[in-house]
Structures are given as C-alpha cells and as structure tokens.
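Please open the model in your viewer and keep the sequence panel beside it. The tour below proceeds by selection, and each stop states what to select and what is found there.

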Amino acid sequence: MNLKTYIPILEWLPTYNTNLFKGDLVAGLTVGVMLIPQGMAYAMLAGMPPIYGLYASMIPLILYAIFGTSRQLAVGPVAMISLLIAAGVGAITSDPATFVSLAILLALMVGVIQFLMGIFRLGFLVNFLSHPVIAGFTSAAALIIGFSQLKHLLGINIPRSNHIHEIIGNAFANSSAINLQTLTIGLVAIALIFLVKKVKLPIPGPLLAVVFGIGAVYALGWYDEGVKIVGEVPKGLPVFKIPSLDFESIKTLLPIALTISFISFMESIAVAKAIQAKHKNYKIVPNQELIALGMANIGGSFFQAFPTTGGFSRTAVNDQSGAKTGMAAIISAILIALTLLFLTPLFYYLPKAILASVIMVAVFGLIDFKEARHLWHTDRSDFCMMLVTFIGTLTLGIEEGILIGVILSLALIVFRTTQPHTAILGKIPGGPHYKNVDRFEQLEKRDEILIFRFDARLYFANVSYFKETIEAAILEKGKKLKLLILDADSMNGMDSSGVHALEEIIGYCRDRNIQFNMVGVKGPIRDIFHRSKLMEKLGEDHFFFRIQHAVDTYDDKQINDYSSYALQTNEEEE
C-alpha cells in the first residue's frame with residue numbers, strides 16, 4: 001500500500017524547503033486574516049455565536065492539508081453551507097444550546113458520509129446534479145443568504161425564513177424601526193469592501209471593514225444607541241468534546257447531512273480543479289478529496305466545529321498570494337489559534353452589521369448572470385432547467401430547491417438516454433463517406449436503401465424509441481425499400497433488451513423482404529452478439545466494416561475483404 005495515495009502530505013512534505021515556505025507564509029497569513037471576519041460572519045449566518053466560526057477555521061484546515069490532494073484549496077466555513085445549516089437545524093429547534101449541539105453533530109454526520117463516499121469511490125454520484133441546476137440553485141441561495149442579513153444591516157427584527165418574499169415582506173413591515181447608525185455602518189462597510197477589491201489593495205477588504213466598524217462604534221459610542229455588537233467573544237482554544245449522539249437527532253438531520261455532503265463536495269471539487277489547472281505538479285483525486293473533506297469534518301466536530309468545505313474566494317486569494325502547498329492552510333489555522341488565545345477581546349465592539357456586510361458582498365458574487373446568458377444562447381433546455389431550479393429555490397426554500405434540482409437532473413438524464421439522437425444518412429457525392437441528410441444538402445439518397453444511425457447505447461430504457469424510429473423510417477421509405485443498413489459506429493454498449501429489439505427489427509425487415517446489414521459494430525457489442533447467437537441468426541455475411549462495403553456488396557461490386565475486422569470477437573482473440 002502506498003501511503004502517499006491516502007496521505008498526500010507525504011508527497012510534498014519530504015521535499016519542503018524555504019522557497020516554498022515563503023509563498024505559503026504570505027498566503028497563510030493573508031487567508032488567515034481573511035478567515036477571521038468571514039468565519040465569524042458565516043457562524044452568525046448559520047445561526048450560531050460568531051466564536052464557532054473561528055473554531056471551524058482551525059482543525060478542519062489542518063486535517064485537509066494532511067489528507068487533501070489540492071495544495072491551494074482553502075477549507076473552512078462558507079456561506080452556502082452555513083445557510084443550509086441554518087435551514088436544516090433551524091427547522092428542528094430554536095433553542096441556542098440545542099442548535100449548537102445539533103450543528104456540531106451535523107458536522108460529524110457530514111464527515112462520515114463524505115468519508116464513506118470516498119472509501120467506496122462514490123464521487124461520481126455528484127454528476128447527477130448538472131451544472132445548470134447548480135448554477136440556478138447557487139444563484140437563488142445567494143439571494144436568500146443576502147436578504148437574510150437585512151435584519152443585521154437594518155438593525156430590525158425579522159423572523160428567520162428561507163423564503164425571500166417573506167424576508168422582504170417582514171423588512172417592509174418593520175421599516176419604521178430601522179436603526180440609521182446600523183444602516184450607515186453596514187453601507188459604508190459594503191462600499192469599503194468593494195473599493196478595496198477594485199483598487200486591489202494588499203489588505204483584505206473584510207478585515208478593513210472590521211477595523212472600521214469596531215473603531216466607529218467605540219469612538220462614537222453607538223453601542224449605546226441601538227447598534228447591535230458581537231459582545232464578549234470567549235477566549236481560548238476549543239476543547240476536545242465528543243458530539244452528542246442521539247438516534248432521533250441523527251435520523252432527523254440525515255436529509256440535510258446528505259444535502260450538505262453533496263453540495264460541499266461539489267463546491268470544493270469545482271474550485272480545486274479550477275485552481276489545479278494552473279499548476280501541473282499535482283493532480284486532484286475526487287475520491288481522496290471526499291476522504292479529506294470527511295476527515296476535516298469528523299475531526300472538526302470533536303473540537304466544536306460546524307460543517308466546512310473549500311471556499312471559492314479564499315482559495316482564489318490563497319493561490320494569488322503564492323500558496324504552494326498545504327502548509328499555507330496550517331499557517332492560517334495557527335493564526336486563528338493565536339487569535340483565539342490573545343485577540344478575542346478586540347472583537348467586543350464589532351457591529352453585527354459589519355459581519356452582515358461581509359456575507360452580502362461575498363454571496364451576491366455567486367449570482368451567475370454570465371451562465372444564464374450563456375445557456376440562453378447555447379442550450380434553451382438547460383436554461384429552462386436553471387430557471388426552474390432558481391425559481392423553485394426562491395419560492396419554496398433551500399432544501400426544496402435542491403430536491404427540485406436533483407429531480408430535474410435525473411429527469412434530463414432519463415430523457416436524453418431514452419430519446420437519443422438518430423440520423424438518416426446519405427452519401428457525399430464522389431466519395432465513400434456518409435452524413436446526416438438533415439444537416440447536409442445535396443447528399444445522394446437511394447429509394448431502395450435506408451442507412452440509419454443510432455447515437456447511444458442500446459438498452460432497456462430506449463429500445464422502444466429505437467424500434468419506433470426505425471419502423472417509422474422504413475414506412476416512410478415505402479415498398480421500394482430493399483436494404484436497411486444500421487450504422488452502429490456510435491453504439492457503445494447493449495443489454496439483453498437491446499439484443500431482443502434488434503431481433504425484432506430483423507424479423508420486421510424479413511417479413512417485408514428487406515435485407516438487414518450492420519456496419520461499424522464495436523468489439524464489446526460483437527461479443528454480446530456472439531454469446532447471444534445473434535451473429536449466427538443474422539448471418540456473418542450481414543456484418544461490414546464500413547457503410548460503403550455494405551452498399552457495394554448489395555450492388556454486387558467487388559470490395560476489399562475486411563470481414564475479419566467486422567466479425568472478430570473477444571473470444572476469438574483469446
């Protein structure tokens with residue numbers, strides 16, 4: 001067993017040097033400074049005290065650096081997962097202590113699910129959520145996340161909700177109670193973060209906003225005028241504690257745990273692959289990434305962390321700041337630990353409006369207008385799927401939106417496999433090549449010959465469509481048809497239902513005195529024909545290497561003998 005496969009830190013740690021450390025140190029400190037306000041903000045978004053955001057920014061980072069295959073991915077609290085925690089756990093309890101306990105248990109469950117998915121190599125399951133669905137869900141969730149922070153930005157009481165119309169309605173209903181000092185701080189912070197991003201200052205915008213907010217509230221005494229502040233932040237490192245294991249709670253949390261496991265992995269693997277494309281000295285291994293994220297969440301849950309994953313913005317900053325290895329993440333975790341030990345008193349006067357502004361700026365960048373425009377011009381069906389997921393998530397809620405997305409993705413897979421592309425082929429004048437008559441003009445078509453191409457695996461889900469389409473093409477040709485050529489060049493597989501469907505088509509043709517030939521049959525399908533005796537039933541003289549060979553044989557023309565290639569099976573090769 002190669003330990004480097006399962007513990008990727010062993011790949012780069014033995015050759016680690018001072019040149020790598022320089023880049024990792026700058027990146028680690030930069031991301032660590034960025035993580036402090038973000039972690040606190042995302043904990044608040046999840047419905048937990050801000051200190052838990054710092055707890056979630058320590059152990060998971062170190063464990064991912066040990067087990068993860070990406071050397072730049074910045075793991076920690078993210079907005080999307082925080083909102084899912086708020087939605088899932090908030091539906092179970094409103095008691096603060098119980099909420100925290102369930103969120104930590106949720107981290108353990110997510111970690112176990114992801115770890116098992118990695119061990120059993122189930123990373124492919126995320127493919128059942130298509131990109132348009134993810135884009136629609138993410139964009140809608142970003143709006144819900146953003147508007148959920150209005151209560152902190154405006155300084156008013158708005159009941160917790162995952163429905164955007166309810167949030168906006170309650171905000172208008174309580175608009176007379178808006179605290180102008182709170183609103184001023186929030187708007188200035190948003191402007192400050194955008195300004196820092198635009199002029200590309202070396203200081204993280206969120207950190208600058210935190211410094212401004214603390215200074216303004218303390219200097220102007222606004223904490224006595226209704227501006228809500230974080231207050232006392234507990235000092236010290238998180239203690240080791242086994243999450244409270246309760247069967248009823250586990251059963252209730254399982255749906256949201258599965259949802260977070262999938263969504264967090266997709267978010268993480270997407271950004272990890274995007275960053276890895278810039279670096280050629282390592283590879284992203286999806287199943288090992290699941291193991292790494294699982295270990296990060298399992299380990300984090302024993303130190304009071306809620307679910308974490310790789311974040312888009314922090315990973316980009318990590319890479320741009322010069323991160324070369326996972327040591328950058330370890331340095332970030334050390335900075336968070338030092339903050340917990342010595343700097344928490346500095347956050348006493350931090351306005352919650354500042355944390356709300358950090359969240360709003362971060363999540364509104366997730367609204368994918370570019371993808372919507374792209375899909376509108378390239379694939380209207382995918383655009384509709386994105387739109388339905390977007391509207392469903394906005395109107396019905398986060399969990400319901402994910403469910404709609406999964407159903408739509410599976411429905412699209414079923415539709416596209418049950419009704420794949422087919423083509424009637426015609427001959428290019430002057431050559432032996434054949435193309436789709438619906439795409440190319442001036443192709444040679446003969447009344448007595450029908451050349452049909454089926455562009456998919458032939459299996460139980462599409463055999464009815466296969467038979468109906470061929471029979472309709474035969475009927476359209478009429479009584480003049482004497483030869484049907486099935487081009488199997490695009491058929492990559494076939495099950496027993498597909499074999500039965502072919503037998504029925506062969507019988508259908510024989511009843512009408514139509515000769516049936518096949519061309520371009522791939523090796524695995526020839527093996528199936530050999531085992532099912534279909535090759536014997538049809539006759540070896542009805543299999544050809546190319547379409548032109550089948551046509552020339554029908555026309556009694558002399559052809560080169562390629563029959564051995566058209567008929568050879570795996571059994572014969574052995």
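**First stop: helix α25**

Select Ile 547, Gln 548, His 549, Ala 550, Val 551 and Asp 552, which are the buried residues of α25. Buried here denotes under 20% relative accessible area, exposed denotes over 50%, and partly exposed lies in between, with a 1.4 Å probe and protein chains only. Helices (H or I, at least four residues) and strands (E, at least two) are DSSP runs, numbered from the N terminus. This is a predicted model, in which local features need pLDDT of at least 70 and side-chain atom pairs count only at pLDDT 80 or more, while totals for chains, interfaces and linings use all residues. Residues are numbered from 1 along each chain as its sequence is written, and side-chain values use heavy atoms, with hydrogens and water left out.

Extend the selection to residues 547-554, the whole of α25: six of its eight residues are buried, so the helix is largely enclosed by the rest of the structure. Which strands do the buried residues of α25 pack against? They pack against β3 (422-427), β4 (434-436), β5 (449-454), β6 (483-487), β7 (515-519) and β8 (543-544), contact meaning heavy atoms within 4.5 Å. Just after α25, select Asp 556, which takes a positive phi of about 60 degrees.

**Second stop: aromatic rings**

Rings of Phe, Tyr and Trp (its six-membered ring) pair if their centres lie within 6.5 Å; planes under 30 degrees apart count as stacked, over 60 as edge-to-face, and the rest as tilted. By this rule there are twelve aromatic pairs. Select Tyr 348 and Tyr 349, an edge-to-face pair with 4.9 Å centre to centre and 75 degrees between the planes. Tyr 348 counts as partly exposed because its relative accessibility is 37%, and Tyr 349 likewise counts as partly exposed, at 23%.

Next, select Trp 376 and Phe 383, which form an edge-to-face pair at 5.1 Å centre to centre, with 70 degrees between the planes. Trp 376 is partly exposed at 39% relative accessibility, whereas Phe 383 is buried, with a relative accessible area of 17%. Add Arg 380, which lies over the face of Trp 376 at 3.6 Å from the ring centre. A charge sits over a ring if NZ of Lys or CZ of Arg is within 6 Å of the ring centre and within 35 degrees of the ring normal. Arg 512 lies over the face of Tyr 508, at 3.6 Å from the ring centre.

Return to Tyr 348 and Tyr 349 and add Tyr 218 and Tyr 223: ring pairs link these four residues into a cluster.

**Third stop: two buried helix positions**

Select Thr 339 in helix α16 (residues 327-343). Is this residue buried or exposed? Thr 339 counts as buried because its relative accessibility is 0%. Not counting residues up to four places away in sequence, Thr 339 touches Ile 36, Thr 344 and Phe 347.

Then select Asp 319 in helix α15 (residues 312-320), which counts as buried at 13% relative accessibility. Leaving aside neighbours within four places in sequence, Asp 319 is in contact with Gln 72, Ile 275, Lys 278 and His 279. To span the model, draw a C-alpha to C-alpha distance from Asp 319 to Ala 472: the two are 153 residues apart in sequence and 57 Å apart in space.

**Last stop: the whole protein**

Select everything. The protein contains 27 helices and eight strands, and buried residues make up 53% of its 574 residues.
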